[in-house]
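Have a look at the model below, and then let's ask how each label attached to it is earned.

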Amino acid sequence: MGKVIYLASKKKTEVTHQQKIVLYTLKVYTDLYEKGLVPAPNLHITEAGYKDIEDFTATDDELRVGMKYLKEEGVIPNVGSDNL
């Protein structure tokens with residue numbers, strides 16, 4: 001079973017920019033998974049997570065950092081191109 005990362009608590013706090021980068025990166029990765037282009041992630045975004053990033057867009061550099069972090073944490077498989 002994959003790791004579980006809790007980015008929310010019972011008491012709603014402001015989501016940091018770094019957390020938004022991670023959520024946005026996972027959203028992009030999940031979109032690629034749904035198109036059959038990458039293996040399944042070990043974590044999924046909740047409805048609240050999608051709301052937290054609805055007006056957020058990460059830069060290419062932020063996506064690279066987010067992808068590296070998700071790979072290191074075991075959320076996404078460490079296979080394929082490092083350019084993802």
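Q: What is the accessible surface of the protein chain, and what share belongs to carbon and sulfur atoms?
A: In this predicted model, the accessible surface comes to about 6,000 Å². Carbon and sulfur atoms account for 52% of that surface. Of the 84 residues in the chain, 30% count as buried.

Q: What elements make up the protein chain, and in which order do they run?
A: There are 3 helices and 0 strands, and from the N terminus the order reads α-α-α.

Q: Why is Thr30 called buried?
A: Its relative accessibility is 7%. Buried means under 20%, so Thr30 qualifies at 7%. Thr30 sits in helix 1, which covers residues 17-34.

Q: What makes the approach of the Thr30 side chain to the backbone oxygen of Leu26 a polar contact?
A: The side chain of Thr30 reaches that oxygen at 2.8 Å. The cut-off for a pair of N or O atoms is 3.5 Å, so a distance of 2.8 Å falls within it.

Q: How do you know whether Leu26 is buried or exposed?
A: Leu26 has a relative accessible area of 3%. The limit for buried is under 20%, so Leu26 is buried. Leu26 lies in helix 1 too. Beyond its neighbours within four places in sequence, Leu26 is in contact with residues including Pro41, Ile45, Leu70 and Val75. The C-alpha atoms of Leu26 and Leu70 are 7.8 Å apart, although 44 residues separate the two along the chain.

Q: Why are Tyr24 and Phe56 called an edge-to-face pair?
A: A search of the whole structure finds 1 aromatic pair, formed by Tyr24 and Phe56. The ring centres are 5.9 Å apart, and the limit for pairing is within 6.5 Å. The planes stand at 75°, and over 60 degrees counts as edge-to-face, so the label fits.

Q: Which parts does this aromatic pair tie together?
A: Tyr24 lies in helix 1, while Phe56 lies in the loop between helix 2 (47-52) and helix 3 (60-72), so the pair ties together parts that are 32 residues apart in sequence. Both Tyr24 and Phe56 are buried.

Q: How does the reach of helix 3 compare with the expected span?
A: Helix 3 has 13 residues and reaches 18 Å from its first C-alpha to its last, close to the expected 18 Å. Its buried residues include Leu63, Met67 and Leu70, and helix 1 is part of what covers the buried residues of helix 3. Just after helix 3, Gly74 takes a positive phi of about 80°.

Note on methods: Residues numbered from 1 in each chain as written. Predicted model: local features only at pLDDT ≥ 70, side-chain atom pairs only at ≥ 80, totals over all residues. Heavy atoms only, no water. Helix = DSSP H or I, 4+ residues; strand = E, 2+ residues; numbered from the N terminus. Buried < 20%, exposed > 50% of the residue type's maximum accessible area, 1.4 Å probe, protein only. Polar contact = N/O pair within 3.5 Å; in protein donor to acceptor, adjacent residues only side chain to side chain. Phe/Tyr/Trp six-rings, centres within 6.5 Å; stacked < 30°, edge-to-face > 60°. Expected span 1.5 Å × (residues − 1). Contact = heavy atoms within 4.5 Å. Areas by Shrake-Rupley, 256 points an atom, 1.4 Å probe, with all protein chains shown as cover.
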